[in-house]
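Q: I would like a close look at a single part of the model shown here, set in the context of what surrounds that part. Please take the answer slowly and keep it connected.

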Amino acid sequence: MIKLNNVSKIYNVGGEVIKALDDVTLKIEEGEFVAIIGPSGSGKSTLMNILGCLDVVDIGKYILDGQEIEKYTDDQLAKIRNRKIGFIFQSFNLLNKMTAEENVGLPLIYQGMKDSEIKVRVKEALEKVGIYHRRKHTPLELSGGQQQRVAIARALVSKPTLLLADEPTGNLDSKTSADIMTLFHLLNDEGNTIVLITHDNDVAKQAKRQIRIFDGRCQEVNLNV
Amino acid sequence: MFKQSIKMSFKAISSNKARSFLTMLGIIIGVMSLVVLVSLASGATGSVNDSMNSMGKNVLTTTIMDDKGNPMVQSDIDEILEACPAIYDISPYLSGIANVKNGSQYESVSITGVQSNYFDVKGVELIDGRNIIDIDDKNGNYIIIIDENTANLLFNSIDVIGNQVYVNGYDFTVIGLIESASDDSYTGIIPFNTMTRIGLSESSYKSFYVDSVDQTDFTLAKEQLEMHLTARFSYDDEAFRIMDVTVMLDAMNEINSIMMILLGGIASISLVVGGIGIMNIMLVSVTERTKEIGIRKAIGAPNRSILLQFMLEALVISLLGGFIGLILSFIILQIATVLVSTMTFTISGSIALIAIGFSVFVGVVFGLYPAYKAAKKPTIEALRHSV
């Protein structure tokens with residue numbers, strides 16, 4: 001379902017050539033729960049940008065849902081992100097001037113969906129993450145854990161192929177982190193494909209499969225043994 | 001999608017009220033100066049036209065400047081009437097200023113000496129009393145028609161028919177009353193021959209009111225009269241002068257419309273400055289909201305919807321400013337109308353449309369660059385931007 005074939009991403013920073021991704025080959029099946037672990041500077045963010053269609057590969061091929069993500073235009077990539085990727089960020093990245101339900105409905109607005117339909121889908125998503133009762137509040141009136149639930153609802157609302165979580169528990173205390181991880185397990189059990197990017201081994205251990213990235217190269221590991 | 005974008009832009013504007021208002025102020029002042037200045041100019045034009053119209057119906061005012069030692073007589077007038085079919089009638093007149101007195105009340109009054117056809121040619125209608133008739137003129141009767149101002153001044157009343165007044169010491173009977181042309185005009189009308197009899201003017205056919213058959217167009221009458229008089233005065237077209245009020249009015253209106261365009265142009269500059277204010281604040285806003293742009297693009301906003309969002313914001317600011325400016329202009333013009341009691345200032349539909357249209361134009365033009373900048377922000381960098 002997700003295939004990276006000999007993917008490289010090269011940056012030119014101040015005359016120095018940096019291989020952020022170096023000949024990465026990776027395959028993630030539908031319904032998997034994969035953690036990608038690595039320290040900062042390992043190429044983790046680059047990998048996430050490629051997987052999330054925020055960026056395109058320099059060398060190799062990225063196939064998402066049978067579709068080859070090549071040199072698409074900005075708008076074409078936006079459309080793919082909108083329908084196939086659900087982003088969950090470390091800092092939640094909610095729009096502070098909008099209420100929870102407005103935030104969750106935003107991806108659907110960009111799909112041009114009708115208001116009535118959006119309302120149904122938003123309710124469904126908010127209920128799934130258990131935050132429907134707080135739907136009229138803005139992010140600043142919500143706790144970190146609640147904000148992350150809203151962000152997860154936003155990721156779920158367009159029924160994406162892939163949930164892409166970048167350090168989703170990085171800004172949360174351990175109790176709340178545990179709650180969010182439980183939610184991820186639940187979502188995975190329901191059939192959602194989840195790729196979780198983290199530097200934290202304890203978080204990574206909770207995924208069913210772990211991939212370590214270092215200096216732009218990927219390696220399958222098993223942290224649970 | 002569009003509806004949502006409008007909602008979002010209103011939200012963004014209202015979430016930063018003070019800044020939005022200050023930005024709007026540029027447009028408000030621009031629209032206000034445009035509408036108020038142009039309306040004042042057109043109000044003045046309207047007043048001039050009104051007072052021109054109050055002078056009565058149009059006639060050709062003809063004056064002989066140099067009679068070449070061969071002055072006009074009644075037979076000349078008959079000849080003109082015969083030779084110029086476009087001319088309906090000619091009324092010779094004399095003018096002078098006389099002291100008109102009743103008891104201790106007196107006033108310098110401009111006196112016109114006229115023949116009986118004057119009232120028909122000039123379209124003068126009496127409020128009270130009777131016209132001067134042929135017999136009055138023939139006998140040089142001491143009778144006078146005065147206007148309301150003079151009546152009020154001398155008699156404290158407009159019920160003046162049959163009263164006596166002294167005109168330069170001669171005893172006259174008031175036989176008629178006419179409307180005053182303006183607040184400070186004092187006029188009297190007496191028979192043509194009486195004018196000479198009391199020595200107010202020499203008896204001569206030098207000034208005429210000429211009426212055309214076609215009541216709306218005096219061009220043909222003027223042409224024929226010109227041709228005839230040129231021949232009459234040894235082919236010297238400087239010997240006489242024919243004035244057509246509508247031609248003067250047209251010239252004046254042209255000057256006024258040039259003035260209106262000039263004032264409008266100057267005011268438009270302030271509107272453009274207001275637009276630059278919008279652009280400035282939109283650029284700041286785009287920078288401040290880099291993170292928001294990144295988030296929107298990450299979850300699938302195409303560039304055009306980001307563009308639309310920021311464009312609409314600029315447009316809403318300028319349109320709102322335009323409407324507020326229009327409302328304020330209306331209030332200012334109402335006040336001006338009260339202060340300058342002789343004139344009425346109103347906003348014409350076309351200037352209102354131009355003002356609103358111009359604010360839309362300013363919003364679009366000056367919103368475009370910031371919106372384009374917002375839309376073109378690279379998603380990853382925008383997303384990484386700290387709030």
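How many helices and strands does chain A have, and how do the details of that chain compare with what can be said of its partner?

A: Since this is a predicted model, what follows describes computed geometry. Chain A has seven helices and ten strands. Its radius of gyration is 17 Å, close to the 17 Å that the globule rule gives for 225 residues, so chain A is as compact as a globular protein of that length. Along the principal axes, the C-alpha trace of chain A spans about 50 × 40 × 35 Å. Buried residues make up 55% of the 225 residues in this chain, and among its contacts between residues at least 6 apart in sequence, 69% join residues at least 24 apart.

The surface and the charges of chain A can be read together. Chain A exposes about 10,000 Å², and carbon and sulfur atoms supply 47% of that area. The chain carries 29 positive and 30 negative side chains, and the centres of these two sets lie 4 Å apart.

Within chain A, helix H1, which runs over residues 44-51, is mostly covered, with seven of its eight residues buried. Those buried residues are Lys44(A), Thr46(A), Leu47(A), Met48(A), Asn49(A), Ile50(A) and Leu51(A), a list in which a lysine and an asparagine stand beside leucine, isoleucine and methionine. After H1(A) comes Cys53(A), whose phi is positive, near 60 degrees.

Another positive phi in chain A belongs to Asp215(A), which is not a glycine and has a value of about 50 degrees. Asp215(A) lies in the loop between strand E9 (209-214) and strand E10 (217-221) of chain A. With a relative accessible area of 54%, which is over the 50% cut-off, Asp215(A) counts as exposed.

Chain B is the partner. Its secondary structure comes to 13 helices and ten strands. A compact globule of 387 residues would have a radius of gyration near 21 Å, but chain B has 34 Å, and its C-alpha trace spans about 105 × 50 × 30 Å along the principal axes. Of the 387 residues of chain B, 46% count as buried, while residues 24 or more positions apart account for 78% of its contacts with a separation of 6 or more. The accessible surface of chain B comes to about 18,800 Å², of which 61% belongs to carbon and sulfur atoms. In chain B the mean positions of the 25 positive and 38 negative charges are 30 Å apart.

Several local features of chain B can be followed in sequence order. Lys68(B) sits in the loop between strand E1 (60-64) and helix H3 (74-83), where its phi is near 55 degrees, a positive value in a residue other than glycine. Lys68(B) is partly exposed, with a relative accessible area of 36%.

Further along, helix H6 of chain B covers residues 148-155, and its buried residues are Asn149(B), Thr150(B), Ala151(B), Leu154(B) and Phe155(B). These buried residues of H6(B) pack against six strands of chain B, namely E2 (87-102), E3 (105-114), E5 (143-147), E6 (164-167), E7 (170-178) and E8 (187-191). Just after H6(B), Asn156(B) takes a positive phi of about 60 degrees.

Later in chain B, Thr337(B) is found in helix H11, which spans residues 303-339. Its relative accessible area of 19% falls under the 20% cut-off, so Thr337(B) counts as buried. Leaving aside neighbours within four places in sequence, Thr337(B) is in contact with Met343(B), Thr344(B) and Phe345(B).

The two chains also meet each other. In the predicted model, 23 residues of chain B are in contact with 23 residues of chain A, and the area buried between the chains is about 2,100 Å², of which carbon and sulfur atoms give 58%. On the side of chain B, Ile295(B), Ile299(B) and Ile380(B) supply 27% of the area that this chain buries against chain A, more than any other three residues.

Conventions: Residues numbered from 1 in each chain as written. Chains lettered and ligands numbered in written order. Predicted model: local features only at pLDDT ≥ 70, side-chain atom pairs only at ≥ 80, totals over all residues. Heavy atoms only, no water. Helix = DSSP H or I, 4+ residues; strand = E, 2+ residues; numbered from the N terminus. Rg over C-alpha atoms; globule rule 2.2 N^0.38 Å. Buried < 20%, exposed > 50% of the residue type's maximum accessible area, 1.4 Å probe, protein only. Contact = heavy atoms within 4.5 Å. Areas by Shrake-Rupley, 256 points an atom, 1.4 Å probe, with all protein chains shown as cover. Lys, Arg positive; Asp, Glu negative; His and termini not counted. Charge placed at Lys NZ, Arg CZ, Asp CG, Glu CD. Buried area = accessible area lost by both parts, 1.4 Å probe.
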